[in-house]
Amino acid sequence: MAGCQLVGNSVFYGIERRNCPCQLGKFAGVPLYQRLPIAPMTNISASLSMEGPPEGYRKNVGICLVNPSKKIFTASRIYIPNTWQMPQGGANNGEDLRKAAMRELREETGVTSAEFLAEAPYWLTYDFPIKVKHKLNRKWGTNYKGQAQKWFLFKFTGNEEEINLLGDGSEQPEFKEWSWRLPEQVVELAVDFKKPVYEQVLKVFSPYFSSDTDEDHSTENEPNQREVCKQDG
């Protein structure tokens with residue numbers, strides 16, 4: 001049975017049977033099925049929907065790309081100083097969402113070497129701040145409140161030379177630098193209105209980051225930040 005609770009200035013959409021299983025792929029010894037972690041209700045400003053994106057929100061896909069050391073790909077926005085995020089983008093009407101995620105990953109980062117690991121079992125939404133809302137709706141010719149996102153987890157299987165923030169050339173570049181970061185750093189560096197969504201996404205995918213592996217973590221503190229490459233196309 002669906003239900004909702006008012007939390008601050010938002011609505012958190014949930015299901016009474018909260019411990020529904022989340023289908024996850026095999027990664028680092030994690031079982032095929034894991035119970036879905038539910039974020040604590042305190043300070044939640046994102047909303048969650050099991051059935052589909054709520055009306056009034058732009059359909060969007062988010063990509064959590066991890067490397068073999070379980071660090072997450074993040075990039076800084078060209079026109080928004082000191083703001084880092086995971087790749088994301090709009091999904092076209094009728095477009096398969098996993099294919100949309102791979103398309104957005106390619107368009108924004110040039111990455112095509114990625115193995116699908118998991119899909120979040122619900123939609124997460126966030127509202128645009130007023131200034132952002134007006135700017136984007138003027139750009140898109142729409143009247144969206146915010147974005148409804150379906151998140152996907154992929155493992156990067158290529159060489160880092162493949163990463164190119166000019167993307168595949170089909171869209172204008174959005175990022176100027178990229179880096180592999182720990183989950184807590186991803187949340188810390190995100191713009192404030194996306195932080196609750198990032199927290200929930202990383203809770204859902206947490207089995208991949210918390211499982212024991214024999215991987216060498218000695219490189220965790222090594223600098224690996226990169227700037228936009230291949231400027232000459």
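Start by selecting Ser 76 and Trp 84: Trp 84, in β8, is the bridge partner of Ser 76. You are looking at a predicted model, so keep a confidence colouring at hand for later stops.

**Stop 1: the β7–β8 hairpin**

Widen the selection to both strands, β7 (72–77) and β8 (84–85). They run antiparallel and are joined by two bridges. Together they form a hairpin with six residues between them. Now click on Asn 82, which sits in the loop between β7 and β8. Its phi is near 60°, a positive value in a residue other than glycine. Is Asn 82 buried or exposed? With 73% relative accessibility, Asn 82 counts as exposed.

Stay with β7 and bring in its other partner, strand β13 (residues 175–181). These two strands pair in the antiparallel sense, over six bridges. To check the pairing by eye, pick Thr 74 and look across to Ser 179, its bridge partner in β13. A surface display is useful here too: β7 is mostly covered, with five of its six residues buried.

**Stop 2: Lys 70, just upstream**

Step back along the chain to Lys 70, in the loop between β6 and β7. Lys 70 also has a positive phi in a residue other than glycine, near 70°. The setting, however, contrasts with that of Asn 82: Lys 70 is buried, with a relative accessible area of 5%, whereas Asn 82 is exposed at 73%.

**Stop 3: the largest nonpolar core**

Next, show side chains for Cys 64, Ile 72, Trp 151, Leu 153, Tyr 198 and Phe 205. These have the most contacts inside the largest nonpolar core, which has 25 residues. Which elements each supply at least two residues of this core? They are β6 (57–66), β10 (114–119), β11 (123–127), β12 (146–156), α3 (183–189), α4 (195–204) and α5 (206–210). The largest share, five residues, comes from α4.

Centre the view on Phe 205 and display its surroundings. Leaving aside neighbours within four places in sequence, Phe 205 is in contact with Cys 64, Ala 118, Glu 119, Ala 120, Trp 151, Phe 152 and Leu 153. Apart from this core lies another, of 23 residues, among them Leu 65, Ala 101, Phe 156 and Trp 180. Try giving the two cores separate colours.

**Stop 4: helix α4**

Select α4 on its own and then switch the surface back on. Eight of its 10 residues are buried, so the helix is largely enclosed by the rest of the structure. Those buried residues are Lys 195, Pro 196, Val 197, Tyr 198, Gln 200, Val 201, Leu 202 and Val 204.

**Stop 5: helix α1 and its ends**

Move on to helix α1 (residues 97–109) and put a distance label between its end C-alpha atoms. They are 18 Å apart, which agrees with the 18 Å that 13 residues should span at 1.5 Å a residue. At the N-terminal end, Asp 96 acts as a cap: one of its side-chain oxygens lies 3.2 Å from the backbone nitrogen of Arg 98. The buried residues of α1 include Leu 97, Ala 100, Ala 101 and Leu 105, along with charged ones such as Arg 103 and Glu 104. Just after the helix, Gly 110 takes a positive phi of about 80°.

**Stop 6: Glu 162 reaches across**

From Gly 110, go to Glu 162, in the loop between β12 and β13. What does Glu 162 touch, not counting residues up to four places away in sequence? The list is Thr 109, Gly 110, Val 111, Thr 112, Ser 113 and Phe 156. Its side chain reaches the backbone nitrogen of Thr 112 at 2.6 Å. Glu 162 and Ser 113 are 49 residues apart in sequence, with their C-alpha atoms 8.2 Å apart in space.

**Last stop: the whole protein**

Zoom out and colour by confidence. The protein has five helices and 14 strands, and buried residues make up 47% of its 233 residues. Of the contacts with a separation of 6 or more, 76% are between residues 24 or more positions apart.

The mean pLDDT is 77, and 69% of the residues reach 70 or more. Two stretches to pick out are residues 213–223, where pLDDT stays under 50, and residues 228–233, where pLDDT also stays under 50. Where pLDDT is low, the predicted coordinates should not be read in detail.

Methods. Residues numbered from 1 in each chain as written. Heavy atoms only, no water. Core = buried A, V, L, I, M, F, W, Y, C linked by side-chain atoms within 4.5 Å. Buried < 20%, exposed > 50% of the residue type's maximum accessible area, 1.4 Å probe, protein only. Helix = DSSP H or I, 4+ residues; strand = E, 2+ residues; numbered from the N terminus. Contact = heavy atoms within 4.5 Å. Pairing = 2+ DSSP bridges. pLDDT = per-residue confidence, 0-100. Expected span 1.5 Å × (residues − 1). Polar contact = N/O pair within 3.5 Å; in protein donor to acceptor, adjacent residues only side chain to side chain.
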